[in-house]
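Below are some points set down while going through the model, meant to be read with the coordinates open. They move from the chain as a whole to its interior, and then to single residues.

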Amino acid sequence: MKVLIVYYSMYGHIQQLAQAVAEGAGQVEGAEVILRRVPETLPAEVLAKMGATEAQQQQESIPVCSPEELAEADAIIFGTPTRFGNMCGQMRQFLDATGQLWAQGSLVGKAGSVFTSSNTQHGGQESTILSFHTTLLHHGMVIVGLPYSFSGQMEATEISGCSPYGASTIAGADGSRQPSANELAGARFQGEHVAKIAKKLSS
């Protein structure tokens, strides 16, 4: 059973969540966890001006995903930062290249899930995941979220991401805030939960 985690991370926040998702999925017996990033669309000089060069270099060891790899997976967990309440352009461009998979029904019946990040506490995390689900539904995927059996969603003593739709983190206006222990726990829970669902679907 293959669990494919496909993400884009400009400053490393989504990458951290992706690694936690992978840890969670890896706890499920029989799960082969594959971590991939989507192609970058911004030139190096633009990334440098945005202060993202170092974070991008730290991800160079993660292979770039091809659309064909989606068809080989039993479950796909997508990670994207929020851009005005929606997925980032890099992820959108990658998904727009999956038309052939759609025509062939290659993703029908596969488990699909999403996690995200935003600068602010109410910066569109939920709308990003929910609008992402539209693409997954067009592909015929089975949507899997982050159930309330992850008790960290009830956390009220600290600022924290995560919702029933998926794990999330808050980066802060300057990107200095890193994923909290609760947010990473949510990502691990989501990875394990999706892998368990995928195992049932593929059995």
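1. In this predicted model, buried residues make up 51% of the 203 residues in the protein chain. The surface that the chain exposes comes to about 9,300 Å², of which carbon and sulfur atoms supply 52%.

2. The secondary structure consists of 8 helices and 6 strands, and from the N terminus on the elements follow the order β-α-β-α-α-α-β-α-α-β-α-β-β-α. The radius of gyration is 16 Å, close to the 17 Å that the globule rule gives for 203 residues, so the chain is as compact as a globular protein of that length. Along the principal axes, the C-alpha trace spans about 45 × 40 × 30 Å.

3. As for contacts, if one takes those with a separation of 6 or more, residues 24 or more positions apart account for 78% of them.

4. The largest nonpolar core holds 28 residues, and the members that touch the most others are Val 3, Ile 5, Tyr 7, Ile 77 and Phe 115. Two or more residues are given to this core by each of E1, H1, strand E3 (75-81), strand E4 (111-118) and helix H8 (181-202), with H1 providing the largest share, 7 residues. Separate from this is a second core of 25 residues, which includes Tyr 8, Cys 65, Val 114 and Met 141.

5. On the outside, Tyr 11, Val 46 and Met 50 make a nonpolar surface patch of about 240 Å². Tyr 11 belongs to the loop between strand E1 (2-7) and helix H1 (13-25), and its relative accessibility of 41% is why it counts as partly exposed, the class that lies between under 20% for buried and over 50% for exposed.

6. Two backbone positions deserve a look. Phe 84 is not a glycine, yet it has a positive phi of about 55°; this residue sits in the loop between E3 and helix H5 (89-95), and it counts as exposed because its relative accessibility is 90%.

7. Cys 162, also not a glycine, has a positive phi of about 90°, and its place is the loop between strand E5 (142-143) and strand E6 (168-170). Is Cys 162 buried or exposed? With a relative accessibility of 13%, Cys 162 counts as buried, whereas Phe 84, as said above, counts as exposed.

Note on methods. Residues are numbered from 1 along each chain as its sequence is written. This is a predicted model: local features need pLDDT of at least 70, side-chain atom pairs count only at pLDDT 80 or more; totals for chains, interfaces and linings use all residues. Side-chain values use heavy atoms; hydrogens and water are left out. Patches are made of residues with over 30% relative accessible area and no salt bridge: like charges are joined within 9 Å, nonpolar side chains (Val, Leu, Ile, Met, Phe, Trp, Tyr) within 5 Å. Accessible areas come from the Shrake-Rupley method with a 1.4 Å probe; for residues, only the protein chains shown count as cover. A salt bridge is a side-chain nitrogen of Lys or Arg within 4 Å of a carboxyl oxygen of Asp or Glu. Helices (H or I, at least four residues) and strands (E, at least two) are DSSP runs, numbered from the N terminus. Buried means under 20% relative accessible area, exposed over 50%, partly exposed in between (1.4 Å probe, protein chains only). A nonpolar core is a set of buried Ala, Val, Leu, Ile, Met, Phe, Trp, Tyr and Cys residues joined through side-chain atoms within 4.5 Å. The radius of gyration is taken over C-alpha atoms; the globule rule is 2.2 Å times the number of residues to the power 0.38. Contact means heavy atoms within 4.5 Å.
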